[in-house]
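Biologist: Please take a close look at one place where two helices meet, and then lead me from there to other parts of the chain. I am in my first year, so please go step by step.

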Amino acid sequence: MKRKVLVLFIAVTVLMTALSGCGGQKENQNEPKLLLGFSQLGSESAWRIGNTKDIETQADLRGISLMFENANQKQENQIAAIRRFIAYKVDVIAFSPIVEEGWDNVLMEAKTAGIPVILVDRDIKTSKAGLTACLIGSDFYKEGVMAAEYLIRKADSLGLEQVNIVEITGTENSTPMRQRQAGFMDTLKNDNRMRVIASVNGDFLKSRGAECMKHLLETYGETIDVVFSHNDEMTLGALPEIERAGYVPGKDIIIISIDGGQEAIDVLKSGKINCVVECTPKLGRALMETAMKLKAGGEVEKEIHPEEQMFSDETDLTRIGPRGY
Ligand code: GZL
């Protein structure tokens, strides 16, 4: 009799352990480790598409549930997406603000809901403290400085006494547009050779870059010595217009661009672009690690800036590896 009771006890114990272990494991398997709401501003460039791909890949690698919304270049779509994330009670909200102003109300709603917010790629301007936990993105001012420092060296090497520059800017009131322009202008302001004869808005779009370049050539023609373009997309749109007007880009007109995507690097290697300042879109790993820390109630850095480099006709371009975007 005793033996039967012992066997029965062991059987029940094993069964209970299995069920509790199974139930526990099942809850763990179904319970996402993190639900992250991300509002991407659009798909306007190879950079943006690469940024989205990297964020999705890094979330997947970590088993993080990503609620992804593409705003198609509209701030109101980003604001609506953030409100949906709040209603859905995500653990963390992240977004790449298309412009710097106009976020206070929706970010106050996120703060009231107790949901931390991470800025990805671009910054916001606000008078209110504590609306966001962290900014993960490039140092755009430094990118503008690197572009200008290259131009100064190039002017020195060519013995130029006067340098007429046209600027094709990114989206007005966006962080990269404001800071790339500031870094570039601040670095050149004491060099009397340098004159910015025009600055036009290309909105980071290839088509607008072509339209801007056509207008600039019709207006300034052969007086243009340099094109400073805030992203590769606009640069790639501008180059055919330069050739159509009878000029050789990279020779007759110095071309300086920012992003460092594969297509622009290939054109740099061909000699039609002189300088490409890198702006990496690979922010996904830092985003996921920061979001996980916030969910766990940990401290995070206020700003995380990736290391970036510059590629130009001063260096051995054959050593540049695949860019991945
Ligand atoms: C920069 C990013 C810019 C890229 C453009 O981090 O915000 O937006 O330079 C993109 O290509 O459109």
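**A helix crossing and its surroundings**

Modeller: The crossing of helices α5 and α6 is right-handed. The model is a predicted one, and every value below should be read with that in mind. Helix α5 covers residues 140–158 and helix α6 covers residues 175–188, and their axes, which come within 7 Å, cross at roughly 40°. On the α5 side, the contact is made by F140, Y141, E143, G144, V145, A147, A148, E149, L151 and I152, while α6 brings T175, P176, Q179, R180, A182, G183, F184, D186, T187 and L188. Sorted by class, the residues in this contact are 11 nonpolar, 5 polar and 4 charged. When you look for a pattern in such a list, it helps to recall that an α-helix has 3.6 residues a turn, so residues three or four places apart point the same way.

Following the chain onward from α6, you reach the loop between α6 and β7 (194–201), where N190 lies. N190 counts as exposed because its relative accessibility is 67%, which is over the 50% cut-off. The C-alpha atoms of N190 and I168 are separated by 21 Å, although the two residues are 22 places apart along the chain.

Further on, the loop between β8 (226–229) and α8 holds N231, and here the surroundings can be described through contacts. N231 is buried, since its relative accessible area is 2%, and the cut-off for that word is under 20%. Leaving aside residues up to four places away in sequence, N231 touches S45, F204, S257, I258 and D259.

Helix α8 itself, residues 232–244, lets us check a length by reasoning. With 1.5 Å for each residue, its 13 residues should span 18 Å, and the C-alpha atoms at its ends are 19 Å apart, so the expectation and the model agree. The helix is mostly covered, with 10 of its 13 residues buried, among them D232, E233, M234 and I242. Just after α8, G246 has a positive phi of about 95°.

Positive phi values also appear in residues that are not glycines, and two of these share a loop. N72 has a phi of about 50°, and Q73 has one near 70°. N72 is placed in the loop between β2 (65–70) and α3 (75–87), and Q73 is in the loop between β2 and α3 as well. Q73 is partly exposed, as its relative accessible area is 27%.

A strand residue gives another buried example. V120 is in strand β4, residues 117–120, and it is buried because its relative accessible area is 1%. V120 touches F38, I55, A94, F95, S96, P97, I136, L283 and L287, again without counting residues up to four places away in sequence. From N51, V120 is 69 residues apart in sequence, but their C-alpha atoms are 9.8 Å apart in space.

Last come the cysteines. A disulfide is a covalent bond between the sulfur atoms of two cysteines. Searching the whole structure finds 0 disulfides. The sulfur of C212 is 19 Å from the closest cysteine sulfur, that of C279, and is therefore too far for a bond. C275 is also in no disulfide, the nearest cysteine sulfur, that of C279, being 13 Å away. C212 counts as buried because its relative accessibility is 5%, and C275 counts as buried at 0%.

Methods. Residues are numbered from 1 along each chain as its sequence is written. This is a predicted model: local features need pLDDT of at least 70, side-chain atom pairs count only at pLDDT 80 or more; totals for chains, interfaces and linings use all residues. Side-chain values use heavy atoms; hydrogens and water are left out. Helices (H or I, at least four residues) and strands (E, at least two) are DSSP runs, numbered from the N terminus. The expected span of a helix is 1.5 Å times one less than its number of residues. Buried means under 20% relative accessible area, exposed over 50%, partly exposed in between (1.4 Å probe, protein chains only). Axes are lines fitted to C-alpha atoms, for helices over the stretch in contact, and angles run from 0 to 180 degrees between N-to-C directions. A crossing is left-handed if the near helix is turned anticlockwise from the far one by less than a right angle, and right-handed if clockwise. Contact means heavy atoms within 4.5 Å. Ala, Val, Leu, Ile, Met, Phe, Trp, Tyr, Cys and Pro count as nonpolar, Asp, Glu, Lys and Arg as charged, and the others, Gly among them, as polar. A disulfide is a pair of cysteine sulfur atoms within 2.5 Å.
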